[in-house]
Amino acid sequence: METYTAMRHFADSWGLLAMTLSFLGFVLFVFRPGAKESAAQASAIPLNED
């Protein structure tokens, strides 16, 4: 099997599944309970004085 064909087949099947699961994981991580406090702390980092 040609390398391009093998990579294309992988990307069309398992690669798409992996990207979809990663996207859902990121979305769930951002909207989890308790993420608001963590995001507020991260957004204040540039404003903190050393």
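How much area does the protein chain expose, and what share of it do carbon and sulfur atoms supply? In this predicted model, the protein chain exposes about 4,900 Å², and 69% of that area is supplied by carbon and sulfur atoms. The views below start with the whole chain and then move in on a few places.

**View 1. The whole protein chain has two helices and zero strands.** With a radius of gyration of 19 Å, well over the 10 Å that the globule rule gives for 50 residues, the chain is more spread out than a compact globule. Its C-alpha atoms fill a box of roughly 60 × 25 × 10 Å along the principal axes. Buried residues account for 4% of the 50 residues.

**View 2. A nonpolar patch lies on the surface.** Look here for F10, W14, L17, L21, F23, L24, V27, F29, V30 and F31, which together have about 1,100 Å² of accessible area. One of these patch members, V27, belongs to helix 1, which covers residues 3–30. V27 counts as partly exposed because its relative accessibility is 31%, a value between the 20% limit for buried and the 50% limit for exposed.

**View 3. R32 sits over the face of F29.** The distance from R32 to the centre of the ring is 4.2 Å. F29 is also one of the residues in the nonpolar patch of the previous view. As for rings paired with other rings, a search of the whole structure finds zero aromatic pairs.

**View 4. R8 and D12 meet in a salt bridge.** Their side chains come together at 3.2 Å, N to O. A search of the whole structure finds one salt bridge, and this view shows the residues that form it. Both R8 and D12 lie in helix 1, four residues apart, which is about one turn of the helix. Are these two residues buried, partly exposed or exposed? R8 is partly exposed, with a relative accessible area of 45%. D12 is partly exposed as well, at 47% relative accessibility.

**View 5. K36 has its place in helix 2.** This helix covers residues 35–44. K36 counts as exposed because its relative accessibility is 75%, and the limit for that class is over 50%. How far is K36 from T3 in sequence and in space? The two residues are 33 residues apart in sequence, and their C-alpha atoms are 45 Å apart in space.

Technical notes: Residues numbered from 1 in each chain as written. Predicted model: local features only at pLDDT ≥ 70, side-chain atom pairs only at ≥ 80, totals over all residues. Heavy atoms only, no water. Rg over C-alpha atoms; globule rule 2.2 N^0.38 Å. Buried < 20%, exposed > 50% of the residue type's maximum accessible area, 1.4 Å probe, protein only. Areas by Shrake-Rupley, 256 points an atom, 1.4 Å probe, with all protein chains shown as cover. Patch = residues over 30% accessible without salt bridge, like charges linked within 9 Å, V, L, I, M, F, W, Y side chains within 5 Å. Salt bridge = Lys/Arg side-chain N within 4 Å of Asp/Glu carboxyl O. Phe/Tyr/Trp six-rings, centres within 6.5 Å; stacked < 30°, edge-to-face > 60°. Lys NZ or Arg CZ within 6 Å of the ring centre and 35° of its normal.
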